[in-house]
Amino acid sequence: MSDLSPALPPDPTLARERDLDALAGLLPFDARERLAVLLTDEDAATLKHLARSGMGANTLRALASDLSYLEAWCLAATSHPLPWPATEALALKFVAHHLWDPAERESDPRHGMPGAVEDDLRARGLLRVAGPHAVSTVRRRLAHWSTLHRFRGVEGPFKAPRLRTALSLAVRANRRPRARKSQRAVTAAVIEKLLTTCLYEHRLVDMRDRALLLVAFASGGRRRAEVAGLRVEDLMHDAPVPRDPADPDSPTVPKLTIRLGRTKTTTAEDDARVVVIGRVATALLDWLALAKIESGAVFRRIDRWGRLGSVGLDPQSVNAILKARCARVGLDPALFSAHGLRSGFMTEAGRQGVPLPEAMQLSQHRSVQQAARYYNEAEIDKGKAVRLIG
């Protein structure tokens with residue numbers, strides 16, 4: 001006898017998981033199940049559209065993470081899903097819950113994020129900070145919220161004068177200092193220490209990490225996604241150049257030009273390029289020769305048995321490699337991250353008197369103010385201003 005029981009309705013969460021699986025190359029695997037629970041069907045469709053439109057992988061990951069946080073926060077704070085469009089009152093509530101004055105909260109427990117909302121977000125693993133959020137995090141989430149409104153074709157409240165005023169006042173009241181992405185800069189001295197752990201020329205992992213660290217630093221302090229995304233097809237072999245540019249008769253060293261493609265500050269059409277020479281170029285060429293890599297990803301996964309994979313590293317692996325090498329030389333991994341390569345390059349350039357425009361040609365910083373900050377920090381202890389009172 002045939003089973004005539006009605007078919008079960010499809011699980012919308014599983015359907016969203018399948019939609020998010022289509023973004024498997026962009027979203028971390030362990031996050032997709034959580035995102036499928038928090039995001040709506042419309043959210044998942046929007047993310048797929050953004051991926052198809054060519055949004056950068058890092059930007060899409062950050063946007064998906066912020067969208068899931070906004071959905072969870074709204075549900076905890078209002079007992080309703082995130083509305084589209086959002087109201088001005090909801091955006092103001094978001095600012096009030098995330099940027100607040102700890103001193104005011106001591107006298108008024110209602111100030112800031114309510115305890116029930118905080119507990120809900122912590123239970124979901126979405127809230128880790130104690131106290132007000134970083135201003136940069138709140139601004140980024142508001143910007144992503146605004147971006148999602150535009151892609152959905154609805155008008156958001158993010159240009160409202162009252163919201164801008166409230167945000168400005170909240171920023172002034174917020175006393176949390178801006179956290180650095182890497183507490184310590186990975187300067188040339190740190191790089192030299194890390195390289196002492198990459199001594200075995202026959203070991204794939206040592207040769208890979210040696211080339212990765214040197215290229216990531218010397219090419220301008222490349223972002224971890226740029227290092228992970230580097231491909232053999234992006235490398236151009238140029239004629240050797242003099243070791244000392246002031247002496248044309250000095251010994252020559254190898255030179256490689258690297259096409260960066262799309263980065264955080266450039267598009268593929270910009271055709272941004274950087275150059276590495278000398279032992280950096282040699283280390284990269286030696287790695288490719290030892291690993292017999294002729295096309296595809298430059299830096300690839302190596303399993304515990306030393307077998308080379310065909311898949312390139314992900315950005316998180318670049319960070320993990322740096323931290324592992326720090327631990328091996330006795331440096332605290334918690335103080336260093338991949339972003340320290342970027343700040344370290346600019347700090348080192350400042351210390352060695354490299355002109356700022358020249359350093360920015362390699363780092364590809366768009367903001368002179370941001371790039372100059374590293375120079376100022378590197379030089380401040382050498383000036384007269386800090387010695388006014390002896």
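**Exercise 1. State how many salt bridges the structure holds, and follow one that joins distant parts of the chain.**

Solution. The structure holds 16 salt bridges, a salt bridge being a side-chain nitrogen of Lys or Arg within 4 Å of a carboxyl oxygen of Asp or Glu. This is a predicted model, in which local features need pLDDT of at least 70 and side-chain atom pairs count only at pLDDT 80 or more, while totals for chains, interfaces and linings use all residues. Residues are numbered from 1 along each chain as its sequence is written, and side-chain values use heavy atoms, with hydrogens and water left out.

Begin with arginine 162, which forms a salt bridge with glutamate 88, the closest N and O atoms being 2.8 Å apart. The pair links distant parts of the chain, since arginine 162 lies in helix H9 (residues 161-173) and glutamate 88 in helix H5 (residues 88-98), 74 residues apart. Helices (H or I, at least four residues) and strands (E, at least two) are DSSP runs, numbered from the N terminus. Arginine 162 has a relative accessible area of 60% and is therefore exposed, where buried means under 20% relative accessible area, exposed over 50%, and partly exposed in between (1.4 Å probe, protein chains only).

**Exercise 2. Decide whether aspartate 314 and arginine 301, which form a salt bridge, are buried or exposed, wholly or in part.**

Solution. The closest N and O atoms of aspartate 314 and arginine 301 are 3.8 Å apart. Aspartate 314 sits in the loop between strand E5 (308-312) and H14, whereas arginine 301 belongs to strand E4 (residues 300-302), 13 residues apart from it. The relative accessible area is 27% for aspartate 314, which is therefore partly exposed, and 43% for arginine 301, which is partly exposed as well.

**Exercise 3. Describe the surroundings of arginine 325, which lies in helix H14.**

Solution. Helix H14 covers residues 315-328. Arginine 325 has a relative accessibility of 3%, so it counts as buried. Leaving aside neighbours within four places in sequence, arginine 325 is in contact (heavy atoms within 4.5 Å) with Leu194, Thr197, Cys198, Val205, Asp206, Asp209 and Leu213. Salt bridges that share partners join Arg325 into one network with Arg203, Asp206, Arg208 and Asp209.

**Exercise 4. Work out which elements and residue classes line the second largest pocket.**

Solution. On a 1 Å grid over the protein atoms alone, a pocket is an open set of points with protein on both sides within 12 Å along at least five of seven lines, a cavity is a set of points where a 1.4 Å probe fits but cannot get out, and lining residues have an atom within 4 Å of a point. The second largest pocket is lined by 22 residues, of which Phe217, Ala218, Val280, Phe345 and Leu362 lie nearest its centre. Elements that each supply at least two lining residues include helix H11 (204-218), helix H13 (278-291) and helix H15 (339-351), and strand E3 gives the largest share, five residues. By class, the lining divides into 15 nonpolar, two polar and five charged residues, with Ala, Val, Leu, Ile, Met, Phe, Trp, Tyr, Cys and Pro counted as nonpolar, Asp, Glu, Lys and Arg as charged, and the others, Gly among them, as polar.

**Exercise 5. Name the residues that line the largest cavity.**

Solution. The lining of the largest cavity is made by His97, Trp100, Arg105, Met113, Glu118, Leu127, Gly131 and His133. This lining has three nonpolar, three polar and two charged residues.
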